[in-house]
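This report describes selected features of one structure. It treats the ligand sites, one helix with the core it contributes to, and several individual residues.

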Amino acid sequence: MTLDLGATAPELDLPPYDRSGIEVGIVHLGVGGFHRAHQALAVDELLRRGGAREWGICGVGLLPGDAAMRDALRAQDGLYTLVTKHADGRLDARVVGSLVEYLFAPDDPEVVLERLADPATRIVSLTITEGGYNFDQVTGEFDATAPDVVADARPGATPTTVFGYVVEALARRRSRGLPPFTVMSCDNVQGNGERARTVFSAFAALRDPELGRWVHDAVAFPGSMVDRITPVTTDDDRRLVRDRLGVADRWPVVAEPYFQWVLEDRFPLGRPAFEHAGVQLVEDVEPYELMKLRLLNVSHQAIAYFGWLSGYRYAHEAMADPVVASFVRAFMDHEATPTLRPVPGVDLETYKATLVERFANPAVRDTLARLCAESSDRIPKWLVPMVHEQLRAGGDVFRSAAVVASWARYAEGVDEQGRPIEVVDRLADELVPLARSQRDDPVAFLRNPALFGSLVDEPRFVEAYLDALGSLHRAGAHATLAALL
Ligand SMILES: NC(=O)c1ccc[n+]([C@@H]2O[C@H](COP(=O)([O-])OP(=O)(O)OC[C@H]3O[C@@H](n4cnc5c(N)ncnc54)[C@H](O)[C@@H]3O)[C@@H](O)[C@H]2O)c1
Ligand SMILES: O=P(O)(O)OC[C@@H](O)[C@@H](O)[C@H](O)[C@H](O)CO
């Protein structure tokens, strides 16, 4: 146990509630930075208020890389420090105690399956990234051909994927006469609840069509909009926690002050009283979700490649450049906002102004590398549908085309000074050669139906894309952005 919260850390208290006897009611798959800065904080808040004792969280890691989280959390009895970084340099910190158990699935899959099947487990929540849902970006259908999915669908298979675990556990509950748990997706996927329903029921149908129908009809999949910028924890953060707070924490989490969670209230087996922890419970989350994905996440992609190619490494550095900041704001106003529905209780002008301030927070130190990673799971899911809507409505698309071109230029894997760029993307082996070939064949990157559907057949988009790409090659990222203002 290296989280030593003794006399050396007067600012920090251990959670002021008795952690013994808290029951696991939520199993969370994919315990990364975000879950620990968001949902686990909300449950911790309820515990501090004397509630939620049947809603403790059992975190589960499914991927080999999660062994490090197992080791860190086990050494600290599930406790960790959450540091909130304000733009003026102030820090808030608290120790979060809601993760009462952590299971690393490869250690013992059966233990995880029985934890999921346990009658006390009433919610299974997910932050498994956009790629974790394994669906075709264009058709929206579940990809049943992925080798790990095929293996997990075999009768009697020991699961390795999220699909194998969740569906086997649901099947066990069904055969034991237990009601299904609620599956709560907290990923940045448009329509995350319905998307989860589609992919989990499609996987279940591979095993047994009737099980597929049951998962589709009997399991609740509330949708949610989740928001809190949570950068990757760095050694500097560990040092900060040690030096400023006196705590030797193996894996603290840092986040911005902003916290938002809008959640559809569909929990047949009950839920924590999230409304007492700042969560907004609604009937229909879609307008909130679209607003967030198209104004925040898509803008992140607008900052990411142009910022990196202009020589910046952090989001706040890029936003301090008036050319980047003006482009992002124009992009929000003219290409994202026209595709949004009215959002109950939200003034979009204020929302956008707040976003610009959040992106510019110098304390958070969100890296452009984080925002550039796994773009093939982001641009097609977030930006491409927005472009199609703008094309149909006759609206501007030249800024979106420039963002896609900046991704294609970044994916060439060499920056403007000839230095290598590490393209972190599950499709990197395919994308990098394709991006490089656009020096000879400028639409090569766009001619990828799995990522862009029919966008390559849209003359207005293609023309703007070619202009931006040509300018990126000739004049560089900064001059290209400046010319678009
Ligand atoms: N970081 C943020 O600012 C933020 C904010 C809002 C929402 N989110 C959502 O949370 C997700 C995770 O973000 P994070 O910052 O915690 O990332 P992270 O890298 O810290 O953690 C990701 C977790 O997901 C797991 N995972 C990844 N792919 C998986 C798969 N195919 N199957 C099962 N598990 C898988 C990893 O093993 C890890 O435990 C994002 O992709 C996004 O959808 C993040
Ligand atoms: O984490 P991703 O892959 O969904 O996207 C990268 C960022 O845009 C995202 O993490 C934001 O920081 C987050 O959505 C803010 O709430």
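## The shell around ligand 2

Three nonpolar, four polar and four charged residues make up the shell around ligand 2 in this predicted model. The shell consists of Thr-129, Glu-130, Asn-188, Asp-227, Arg-228, Ile-229, Leu-296, Asn-297, His-300, Leu-371 and Arg-378. Helix H10 provides the largest share, three residues.

Ligand 2 lies between domain 1 (24–282) and domain 2 (286–484), because both domains give residues to its shell.

## The shell around ligand 1

Ligand 1 is surrounded by 25 residues, of which Gly-30, Gly-32, Phe-34, Thr-129 and Asp-187 come nearest. Two elements give two or more residues to this shell: helix H1 (33–37) and strand S8 (224–227). The largest share, three residues, is that of H1.

By class, the shell around ligand 1 contains eight nonpolar, twelve polar and five charged residues. Thr-129 is listed among the nearest residues to ligand 1 and is also one of the residues around ligand 2.

## Helix H10

Helix H10 covers residues 286–309, 24 in number. From its first C-alpha to its last it reaches 34 Å, close to the 34 Å expected at 1.5 Å a residue. The helix nevertheless has a kink of about 30°, centred on Leu-293.

H10 is mostly covered, with 21 of its 24 residues buried. After the helix comes Gly-311, which has a positive phi near 100°.

## The largest nonpolar core

The largest nonpolar core has 146 residues, and the members that touch the most others are Val-166, Phe-200, Phe-203 and Ile-303. H10 gives the most to this core, contributing 14 residues. Domain 1 (24–282) and domain 2 (286–484) each supply at least three residues to the core.

In soluble globular proteins, nonpolar side chains tend to be buried together.

## Residues with positive phi outside glycine

Ala-52 has a positive phi, near 60°, although the residue is other than glycine. Its place is the loop between helix H2 (39–48) and strand S2 (56–61). Ala-52 is buried because 27 other C-beta atoms lie within 10 Å, where the cut-off for burial is 20 or more.

Arg-365, also not a glycine, has a positive phi of about 55°. This residue is found in the loop between helix H13 (348–359) and helix H14 (368–372). Is Arg-365 buried, exposed or partly exposed? Arg-365 has 18 C-beta neighbours inside 10 Å and therefore counts as partly exposed.

## Phe-327 in helix H12

Phe-327 belongs to helix H12 (residues 322–336). The residue counts as buried because 23 C-beta neighbours lie inside 10 Å.

How far apart are Phe-327 and Asp-108 in sequence and in space? The two are separated by 219 residues in sequence, and their C-alpha atoms are 50 Å apart.

Terms used: Residues numbered from 1 in each chain as written. Chains lettered and ligands numbered in written order. Predicted model: local features only at pLDDT ≥ 70, side-chain atom pairs only at ≥ 80, totals over all residues. Near = placed C-beta within 6 Å. Helix = DSSP H or I, 4+ residues; strand = E, 2+ residues; numbered from the N terminus. Nonpolar A, V, L, I, M, F, W, Y, C, P; charged D, E, K, R; others polar. Expected span 1.5 Å × (residues − 1). Bend = angle between axes of the 7 residues up to and from the residue. Buried ≥ 20, exposed ≤ 12 C-beta atoms within 10 Å, placed from the backbone. Core = buried A, V, L, I, M, F, W, Y, C linked by C-beta atoms within 7 Å. Domains from an automatic or database assignment.
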